[in-house]
Amino acid sequence: MRASTRRVLNAVGLATPLGMLVGVLGRARFTAGPDMLLVAHGYRLRVPLTSAFTIGDVVITPGSYQRLLDQPGLLPHETRHAYQWASWLGLPFLLPYAACAGYSLLRTRNPALGNIFEIRAGLVDGGYVKAR
């Protein structure tokens with residue numbers, strides 16, 4: 001799938017508008033990112049506790065835009081999540097992702113380690129496990 005197709009699917013499926021709303025509520029600043037993504041940096045809400053998360057085509061991070069770029073693999077990991085959102089046509093992605101996070105939490109005591117969506121996005125790139 002092309003980035004332009006992903007962008008349309010995430011917009012029409014209301015995932016990107018939701019991501020923008022979350023960024024605004026978290027008082028983030030928005031910057032155009034690579035691969036047609038929007039980066040909401042300086043996010044101030046305390047949930048979720050992570051270095052970055054993606055809703056639609058919006059990558060949200062409490063850190064700076066430069067800090068996001070300085071973490072090798074993190075932006076490619078979040079980009080894969082943007083494609084996952086699009087493949088589920090936007091907002092419907094919330095349910096399977098939440099179910100997989102819950103299953104992972106029960107199995108591993110971590111919402112990411114057994115979550116198929118995080119595994120497919122790359123656990124090492126997402127900073128969930130260290131590279132060997």
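A residue counts as buried when its relative accessible area is under 20%, as exposed when that area is over 50%, and as partly exposed in between. With this scale in hand, the predicted model can be read residue by residue. Asp35 offers a good start: its relative accessibility is 34%, so Asp35 falls in the partly exposed class.

Asp35 sits in a turn. Strands β1 and β2 make a hairpin with five residues between them, and Asp35, within that turn, has a positive phi of about 55 degrees. The two strands of the hairpin run antiparallel and are joined over four bridges. One pairing along the hairpin brings Phe30 together with Ala40 of β2 as its bridge partner.

The hairpin belongs to a wider sheet. Four strands make up this open sheet, in the order β1-β2-β4-β3, with mixed pairing. At the edges stand β1 (29-32) and β3 (53-55); each has a single partner strand, so one side of each has no neighbour in the sheet. From one strand to the next, the twist averages 25 degrees. Strand β2 (residues 38-41) also pairs with strand β4 (residues 58-61), here in the parallel sense and over four bridges. Ala40 appears again in this pairing, standing opposite Ile60 in β4. Helix α4 (residues 74-87) packs on the sheet, where it touches β3 and β4, and its direction makes about 25 degrees with that of β3. As a general point for reading such a sheet, side chains in a regular strand alternate between its two faces.

Which residues are linked to Asp35 through salt bridges? A network of salt bridges connects Arg6, Asp35 and Asp57. Within this network, the side chains of Asp35 and Arg6 meet at 3.1 Å, N to O. Asp35 lies in the loop between β1 and β2 while Arg6 lies in helix α1, so this pair ties together parts that are 29 residues apart in sequence. Arg6 is buried, because its relative accessible area is 0%. Asp57 forms a salt bridge with Arg6 as well, and here the closest N and O atoms are 2.8 Å apart. This second pair links distant parts of the chain, with Asp57 in the loop between β3 and β4, Arg6 in helix α1, and 51 residues separating them. Asp57 has a relative accessible area of 3%, so Asp57 is buried.

The structure holds three salt bridges, and one of them joins Arg80 to Asp125, with their side chains meeting at 3.0 Å, N to O. Since Arg80 lies in helix α4 and Asp125 in the segment after α6 (116-121), the pair ties together parts that are 45 residues apart in sequence. Arg80 is partly exposed at 31% relative accessibility, and Asp125 is partly exposed at 26%.

Two further places are worth a visit. Asn10 belongs to helix α1 (residues 3-12). Is Asn10 buried or exposed? Its relative accessibility is 0%, so Asn10 counts as buried. Beyond residues up to four places away in sequence, Asn10 touches several others, including Pro17, Asp57, Ala82 and Trp85. On the surface, Leu21, Leu25, Leu45 and Val47 make a nonpolar patch of about 390 Å². Leu21, a member of helix α2 (residues 15-25), is partly exposed because its relative accessible area is 46%.

Technical notes:
Residues are numbered from 1 along each chain as its sequence is written. This is a predicted model: local features need pLDDT of at least 70, side-chain atom pairs count only at pLDDT 80 or more; totals for chains, interfaces and linings use all residues. Side-chain values use heavy atoms; hydrogens and water are left out. Two strands pair if DSSP finds at least two bridges between them. Axes are lines fitted to C-alpha atoms, for helices over the stretch in contact, and angles run from 0 to 180 degrees between N-to-C directions. Contact means heavy atoms within 4.5 Å. Buried means under 20% relative accessible area, exposed over 50%, partly exposed in between (1.4 Å probe, protein chains only). Patches are made of residues with over 30% relative accessible area and no salt bridge: like charges are joined within 9 Å, nonpolar side chains (Val, Leu, Ile, Met, Phe, Trp, Tyr) within 5 Å. Accessible areas come from the Shrake-Rupley method with a 1.4 Å probe; for residues, only the protein chains shown count as cover. A salt bridge is a side-chain nitrogen of Lys or Arg within 4 Å of a carboxyl oxygen of Asp or Glu.
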